[in-house]
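Biologist: Please take me through the sheet in this model, one step at a time. How is it put together, and what packs on it?

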Amino acid sequence: MLSTQRKGEMKIEKVSKSFGYHPFQQQVLKDVSINLRDSKLTVLIGPSGCGKSTLINLLAGYDKPDEGTILLNGQSVSGPGSDRLVVFQETALFPWMNTFDNVAYGPRVSRKLSRSEITDQVRTLLEKVGLQDFQSKYPSQLSGGMQRRAELARMMINNPAVMFLDEPFRGLDAMTRELMQEYFVALLEEQSQTVLFVTSEIDEAIFLADHLLIMSNRPGTIIKEMEIKLQRPRHKDMLKSVEYLDYKREALELLHAEALKAFAGGSKASQDFLEAFHKEHLE
Ligand SMILES: Nc1ncnc2c1ncn2[C@@H]1O[C@H](COP(=O)(O)OP(=O)(O)OP(=O)(O)O)[C@@H](O)[C@H]1O
Ligand SMILES: [Mg+2]
């Protein structure tokens, strides 16, 4: 459907990052090494404040690491580029454009496609995300979930080599969130892309991932890598399988240990995590 798939392989080696100046300097990332494999969905999960968004900013080229290297297809990343696109948690749709124009924006600006090719691609993508009947609506007329779907379409039409999604479904109600995960997984299973998806939600993480990375408390570093070998296409039924529950138990134990440490440091988010953890496991 879209133009030929671009290769997207990232190698992140021993990346460290601090903010502030002595004596108030705070190390946020420490020796982070990750491989984002071509056409695979890597999920990064970690406690609040551990440096996930900081890492995305470095990979997207909005900021530079203090130490370490970031390579895309063997080339050093030195700034932002259209080969790497980010979807943030907050909506970034243009409020003055309708859904169709928002999705068509990238290819119109880059001028690589004809008008009719753009129309075809926008229509196909809007259908895939279930927004075909909302193409003339403006962002304020769309629900939160629809806005997120429009944004996914708007990013995918640009066919980046790598997509970064920083907790894109945070703040949506539980049912919409599940639906979004299903849309997203189906889109990617159809058109494989290299993706780094950041979340703090364990079910979302395992449901989506080919490869799961667990990050420690600040300074964030990767404490565990897991291959998630659940079959594709993925279905929500898989969340009840023994295989799935084993992955979840293993990941939760590590996250729990990290949350306990953060809790000792007074983090509100870790308090929420621990409450949820105990509810799930002790009741
Ligand atoms: N530009 C900056 N200047 C100073 N400190 C920063 C900057 N960006 C991030 N930090 C600090 O780095 C730490 C990590 O922040 P970051 O947003 O990367 O965490 P996160 O894992 O994405 O958290 P959350 O789960 O809340 O989104 C925080 O303590 C934050 O205050
Ligand atoms: Mg963040």
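Modeller: Six strands build an open sheet, and they run in the order β6-β7-β8-β3-β9-β10. The pairing is mixed. Strands are DSSP runs of E, at least two residues long, and helices are runs of H or I of at least four, all numbered from the N terminus. Two strands pair if DSSP finds at least two bridges between them.

This is a predicted model, where local features need pLDDT of at least 70 and side-chain atom pairs need 80 or more, while totals for chains, interfaces and linings use all residues. Residues count from 1 along each chain as written, with chains lettered from A and ligands numbered from 1 in written order.

Start at the edges. β6 (84-87) and β10 (222-227) each have a single partner strand, so one side of each lacks a neighbour in the sheet. From one strand to the next, the twist averages 15 degrees. Angles here run from 0 to 180 degrees between N-to-C directions, with axes fitted to C-alpha atoms, for helices over the stretch in contact.

Now look at one pair. β3 (residues 41-45) runs parallel to β8 (residues 194-199), and five bridges join them. One match to find: L44 has V198 in β8 as its bridge partner.

A helix packs on this sheet as well. α7 (residues 242-264) touches β9 (211-215) and β10. Contact means C-beta atoms, placed from the backbone, within 7 Å. The directions of α7 and β10 make an angle of about 175 degrees.

Key
Contact = placed C-beta atoms within 7 Å.
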